[in-house]
Amino acid sequence: MIYVALNKFENTVIHVDAPGMYTTIQDIGRVGYQQYGMPVAGPMDSESYLLGQALVGNTEPVGALECTILPPTLTVKGTCIVAFTGADMQPTINNIVVPRYIPFVCHEGDVISGGFSQCGVRMYIAFSGGIDVPEINGSVSTHTKAKIGGLEGRHLQAGDEFGIKPFTRDEVHVCEYRGEGHNLFNTVLYNRGGRECHEPLRVVLGDQARHFTEKGIKTFGSKLYTLTMQCDRMGFRFDGPIIEHVDSADIISDGAVFGSIQVPSDGNPIVLMADRQTTGGYTKIGTIITADLPRLSQLPVGDGIHFDIVTINEAQDIYRTYMKQLQEWLQLAQEQSIYVFKVRNKI
């Protein structure tokens, strides 16, 4: 282990050699503008995103990359510290597979890449300082349907370049990583990105549950539903036994949140995700609790899940426990951020 005092680094640029399957720039989201019709966007798996931020020493939630199924190939021009969290896309630095949940330092000419996801759907690449692109309504999050945020409101393309904000790391301990094992990681921080996706998703019924028959609610809470190809950052459409309405599936449009479960007239549920619209006109049977949204975001197409109905009191107890645990993980990740690895060889 080598003690290194890092000075302030500036002018680091990341070049996109290959964009991956669907890679966007995200921060915590565009909070506070839904009343004006502005979607929130932000990370699909906020737990993995926040852990990445803490691991690279960021104290504010700044821009990172959200990778879907296949990560991009990036060339570093300058120096940066990165961390990979979430789905297992077997990230590589200079063709050496490196573990997730461990910060790495990259220098001029280093190449960051990876392969198709082995488990889970979304991986996050965090950078010390964060990605330097213009903010819109206080956020750099990309919302592709509105064409705002990130790089021109779109996913990455080959040939793109983006800067990393200047950062200072007063002191870090750098270890040489020799590729001795992909399984080197802090087991406490190894979160559920891509694991245990098939546990039931817990749901609180809302006022609009009265629009469904007793049979419909029982069906919803007991049957298997499969994620269809009709899924993106805006919403996940599931296929399964019909959830029966009392009458119509239409309502006067009202507010929608991350995890709202709409049931249109065909009786199949649609879960609204990070890029959801701000209002919706289909009946909402309930809302998935906050603690289960990271798992949902990692669910692959074709996998099935159950919905488990819980009370508001149960949901609040779960939330308090989850947030306490998350804060402990984030504190540990911040403490770990001064221990940085460096790959030994270049390609």
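This report walks through one helix, two pockets, two nonpolar cores and a few single residues in a predicted model.

## Ground rules

Since the model is predicted, local features need pLDDT of at least 70 and side-chain atom pairs count only at pLDDT 80 or more, while totals for chains, interfaces and linings use all residues. Residues are numbered from 1 along each chain as its sequence is written, and side-chain values use heavy atoms, with hydrogens and water left out.

## Helix α4

Let's start with α4, residues 312-336. Helices here are DSSP runs of H or I with at least four residues, strands are E runs of at least two, and both are numbered from the N terminus. The 25 residues of α4 should span 36 Å at 1.5 Å a residue, and the end C-alpha atoms are 36 Å apart, so the two agree. That expected span is 1.5 Å times one less than the number of residues.

The buried residues of α4 (under 20% relative accessible area, 1.4 Å probe, protein chains only) are Ala315, Tyr322, Leu326, Trp329, Leu330, Ala333 and Gln336. As background, an α-helix has 3.6 residues a turn, so residues three or four places apart point the same way. The cover over these buried residues includes α1 (46-55), α3 (293-297), β17 (201-205), β25 (304-310) and β26 (339-343).

## The two biggest pockets

A pocket is an open set of points on a 1 Å grid over the protein atoms alone, where a 1.4 Å probe fits, with protein on both sides within 12 Å along at least five of seven lines; lining residues have an atom within 4 Å of a point. Volume is the space filled by probe spheres set on the points, which are joined across faces, edges and corners.

The largest pocket holds about 430 Å³. Its lining has 18 residues, with Ile28, Ser46, Phe258, Thr290 and Leu293 nearest the centre. Elements giving two or more lining residues are α1, α3 and α4, and α4 gives the most, four residues. The lining splits into 14 nonpolar, three polar and one charged. In this scheme Ala, Val, Leu, Ile, Met, Phe, Trp, Tyr, Cys and Pro are nonpolar, Asp, Glu, Lys and Arg are charged, and the others, Gly among them, are polar.

The second largest pocket comes in at about 240 Å³. Of its 17 lining residues, Thr68, Arg122, Cys231, Asp232 and Arg233 are closest to the centre. By class, that lining has nine nonpolar, two polar and six charged residues. Strands β5 (64-68), β12 (119-127) and β18 (224-231) each supply at least two of them.

## Nonpolar cores

A nonpolar core joins buried Ala, Val, Leu, Ile, Met, Phe, Trp, Tyr and Cys residues through side-chain atoms within 4.5 Å. In the largest, with 33 residues, Leu65, Val82, Phe104, Ile125, Phe127 and Phe162 touch the most other members. Strand β7 (residues 80-88) gives the most to this core, four residues. A second, separate core of 26 residues includes Tyr124, Val203, Phe220 and Phe258.

## Residues worth a click

Arg344 sits in the segment after β26 and, at 42% relative accessibility, counts as partly exposed (between 20% and 50%). Beyond neighbours within four places in sequence, Arg344 is in contact (heavy atoms within 4.5 Å) with Glu176, Tyr177 and Arg178.

Two non-glycine residues have positive phi: Ile69, near 70°, and Glu152, about 55°. Ile69 is in the loop between β5 and β6 (73-77). Glu152, in the loop between β13 (131-132) and β14 (161-164), counts as exposed (over 50%) at 65% relative accessibility.
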